[in-house]
Amino acid sequence: MAPSQLSEKTLPVHRAVEFGPEPGRLGLGDLPGRDLDAEELRDLVATVASDPDAWAHLVGFHDQERVYASLHRDAHVDVWLLCWTPENDTGWHDHDISSGAVAVVAGELIENNLTVGDADMETRIGAGRAFSFGPEHIHRLNGAAPGSVSVHAYSPPLWRMGQYAVSEAGVLRRVSVSYADELRPID
């Protein structure tokens, strides 16, 4: 890991960009056959998010279980559609060795980031914005508004993720989970 990744003072979500249909941007039909970097992932989720005909039939909502669907998976990238209510919460997690990107297509998400010795940082990401992050990123996501929808991409594809909890004594612990498991708070 590059030292700059650990000393970065700006959260990835604070570098979110607006997106819309844009010709020439990386899409599922022209993936390069290699792992994608964080900026390429952001372009990919923006392209997929801008094409609701490809995923709108998969949208659904449930307060007890987050609704999600795989849109694409190959040896270098996987892409997911996630549907959110305010009750849906991933809990604290990382994406192991994968970089990722999120594009919010409807509603609003809340991203929380852990801080040491202070309350976690909360940032809201509204529809029409996308951000990307590296494998060192630890966060927690939930829907800020009923009916929120987002597109996520990871490269290399997810196999394992780290799920985190802070004990009553203030000790942080990590549990390794499969990408196929629904992320839920363990604290």
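Modeller: Buried means under 20% relative accessible area, exposed means over 50%, and partly exposed lies in between. The model discussed here is predicted.

Biologist: Does R34 count as buried, partly exposed or exposed?

Modeller: The relative accessibility of R34 is 39%. Buried requires a value under 20% and exposed a value over 50%, so R34 counts as partly exposed.

Biologist: Which residue forms a salt bridge with R34?

Modeller: The partner has 18% relative accessibility and therefore counts as buried. The closest N and O atoms of the pair are 2.6 Å apart. The residue that meets R34 in this salt bridge is E40.

Biologist: In the salt bridge between D78 and R73, which residue is buried?

Modeller: The closest N and O atoms of this pair are 2.6 Å apart. R73 has a relative accessible area of 28%, so R73 is partly exposed. Its partner has a relative accessible area of 0%, and the buried residue is therefore D78.

Biologist: How many residues apart are D96 and R174?

Modeller: The side chains of D96 and R174 meet in a salt bridge, at 3.5 Å from N to O. D96 lies in the loop between β4 and β5, whereas R174 belongs to strand β12, so the pair links distant parts of the chain. D96 is partly exposed at 32% relative accessibility, and R174 is partly exposed at 39%. Their separation is 78 residues.

Biologist: Which residues are joined into one network by salt bridges that share partners?

Modeller: The search of the whole structure finds nine salt bridges. Some of them share partners, and the network joined in this way consists of D94, D96 and R174.

Biologist: Which strands stand at the edges of the sheet that six strands form?

Modeller: This open sheet is antiparallel and has the order β1-β8-β5-β10-β3-β2. Within it, seven bridges join β5 to β10, and G100 stands opposite Y154 in β10. A strand at the edge has a single partner, so one side is left without a neighbour in the sheet; the strands concerned are β1 and β2.

Biologist: What angle does the direction of helix α2 make with that of β5?

Modeller: Helix α2, residues 38-49, packs on the sheet and touches β1, β2, β3, β5, β8 and β10. Its direction and that of β5 make an angle of about 25°.

Biologist: By what average angle are neighbouring strands turned against each other in the sheet of three strands?

Modeller: The order of this open, antiparallel sheet is β4-β11-β12. β11 and β12 pair over seven bridges, with V166 opposite L172 in β12. With direction ignored, the average turn between neighbouring strands is 30°.

Biologist: Which element gives the most residues to the largest nonpolar core?

Modeller: This core has 20 residues, and L44, V45, V77, V79, V151 and A153 touch the most other members. L44 has contacts that include L26, L36, V77 and A153. The elements giving two or more residues are α2, β3, β5 and β10. With six residues, the element that gives the most is α2.

Biologist: How many residues make up the second, separate core?

Modeller: L82, F131, L141 and M161 are among its members. The number of residues in this second core is 17.

Note on methods
Residues are numbered from 1 along each chain as its sequence is written. This is a predicted model: local features need pLDDT of at least 70, side-chain atom pairs count only at pLDDT 80 or more; totals for chains, interfaces and linings use all residues. Side-chain values use heavy atoms; hydrogens and water are left out. Two strands pair if DSSP finds at least two bridges between them. Helices (H or I, at least four residues) and strands (E, at least two) are DSSP runs, numbered from the N terminus. Contact means heavy atoms within 4.5 Å. Axes are lines fitted to C-alpha atoms, for helices over the stretch in contact, and angles run from 0 to 180 degrees between N-to-C directions. A salt bridge is a side-chain nitrogen of Lys or Arg within 4 Å of a carboxyl oxygen of Asp or Glu. Buried means under 20% relative accessible area, exposed over 50%, partly exposed in between (1.4 Å probe, protein chains only). A nonpolar core is a set of buried Ala, Val, Leu, Ile, Met, Phe, Trp, Tyr and Cys residues joined through side-chain atoms within 4.5 Å. Lists of a residue's contacts leave out its neighbours within four places in sequence.
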